[in-house]
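Q: I would like a close look at one short linking segment of this model and at what lies on either side of it. Could you take me through that part slowly and then set it beside other places in the chain?

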Amino acid sequence: MNPFTYQHAADTSAAIKMASSHAAAKYLGGGTNLVDLMRETVERPEVLVDVTGLPGVIGQRPNGPLMIGAAVKNTALATDMYVRSAFPMLSRAILTGASAQIRNMATVGGNILQRTRCRYFYDTAARCNKRDVQSGCDARDGFNRYHAILGASDSCVATHPSDMCVALAALDAMVHLDGPTGARAIPLLDLHRLPGDRPDIETELRANELITAIEIPPLPFAQRSTYRKVRDRASYAFALISVAAALDVDEKGTVRDVRLALGGVAHKPWRAFNAEAALKGRVANEENFRAAAETELAGAVALRDNQFKIELAKRTIVAVLGELKGREG
Ligand code: SF4
């Protein structure tokens, strides 16, 4: 680990000021990913600005959006009674991630900005375009069981590791930011980037911008939502495929509205807009669920070890929608 100094920020403006006064500063949340990366010398900040003291509040306005402070711990969000009843997919997604100890430490802001778990990214002896631009990508011909099937590029086939972000993508969450040029908010779906030829640029964050809060707009039918994660072992494993879904079916059995997002498939949380469009107005049955899944995965491209993910994604979509349809009855 390289030497660094530590500063604790009392508020948002102090944090931005501290980070902006150093060329190589990083914001520190729970540290559950950043510290690992520092140990491996993948990340080499000279200054850590601790932002865990910033507001960690979950605020719900009647019939309005849910506001979640970026410093809220993952466990607190997953176990919040309002979140559990209004957005069960979000609670379930968080509880499938990492371990209880890590969820107790990890913050919402840090979860969003965690970096890929591609093993070659962590191995400084391997070629990795994300760590070292234009050095190559050892995952392409290496062990790529966990890698992307949608939206990848020749430069990078890594996946985004967050479960929570998959649910936030399905829920149309907004990300509130503050930084040297002022405050702004952007959709979570626009925060993370596909790799293109610059996989080292992972988000649309500007220099020293800080995530301050997440906003989830009301979505009444999200009370009937869920998150399913398929992985190699029952706990403490990243998703091979995950699906966050909410389904609204009318009295005739027709899909009135649907939200669908996938994890473990791409460099960013993947909102399944094509599947959603294919389902709206159609009868909620297995045949149409499968057709929608086929539509979404039509552009999937497999690597040597992850061909199975294409069919697995389709089957998981069908199973999750079928489960939600069953609950409607
Ligand atoms: Fe690096 Fe991306 Fe290739 Fe993994 S997939 S080795 S993160 S460039």
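A: Ala98 belongs to the loop that runs between helices H5 and H6, where helices (H or I, at least four residues) and strands (E, at least two) are DSSP runs, numbered from the N terminus. The model is a predicted one, in which local features need pLDDT of at least 70 and side-chain atom pairs count only at pLDDT 80 or more, while totals for chains, interfaces and linings use all residues. Residues are numbered from 1 along each chain as its sequence is written, and side-chain values use heavy atoms, with hydrogens and water left out.

What draws attention to Ala98 is its backbone: it has a positive phi of about 55 degrees, although it is not a glycine. As a rule, most residues other than glycine have a negative phi. Because its relative accessibility is 29%, Ala98 counts as partly exposed, a class between buried (under 20% relative accessible area) and exposed (over 50%), with a 1.4 Å probe and protein chains only.

The helix on the N-terminal side of this loop, H5, spans residues 88-95, and six of its eight residues are buried, so this helix is largely enclosed by the rest of the structure. Those buried residues are Pro88, Met89, Leu90, Ser91, Ala93 and Ile94. Helix H6, on the other side, covers residues 100-105 and contains Gln101. Gln101 counts as exposed because its relative accessibility is 60%. Its C-alpha atom is 40 Å from that of Lys280, a residue 179 positions away along the chain.

Within H5, Leu90 deserves a closer look. Once its neighbours within four places in sequence are left aside, Leu90 is in contact (heavy atoms within 4.5 Å) with Leu77, Val83, Met164, Ala167, Leu168, Leu171 and Ile216. Leu90 is also one of the residues with the most contacts inside the largest nonpolar core, together with Leu77, Ile112, Leu168, Ile214 and Ile216, and this core has 40 residues. Helix H9 (residues 164-170) supplies the largest share of the core, seven residues. Here a nonpolar core is a set of buried Ala, Val, Leu, Ile, Met, Phe, Trp, Tyr and Cys residues joined through side-chain atoms within 4.5 Å. In soluble globular proteins, nonpolar side chains tend to be buried together. Another core of 30 residues lies apart from that one, and Leu150, Ile241, Leu262 and Leu321 are among its members.

Where else does a residue other than glycine have a positive phi? Asp172 does, with phi near 60 degrees, and its place is in the loop between H9 and S6. Asp172 is partly exposed, because its relative accessible area is 32%.

Other loops can be set beside these two. Ala24 lies in the loop between helix H1 (12-20) and strand S2 (25-28), and at 24% relative accessibility it counts as partly exposed. Not counting residues up to four places away in sequence, Ala24 touches Pro45, Glu46 and Val47, whereas its C-alpha atom is 53 Å from that of Glu287, 263 residues apart along the chain. Asp141, found in the loop between helix H8 (119-122) and H9, is exposed, with a relative accessible area of 69%. From C-alpha to C-alpha, Asp141 and Glu204 are 29 Å apart in space, with their positions 63 residues apart in sequence. Pro180, finally, is placed in the loop between strand S6 (174-178) and strand S7 (184-187). With residues up to four places away in sequence not counted, Pro180 touches Ile16, Ser20, Ala207, Asn208 and Glu209, and its C-alpha atom is separated by 14 Å from that of Tyr27, 153 residues apart along the chain.
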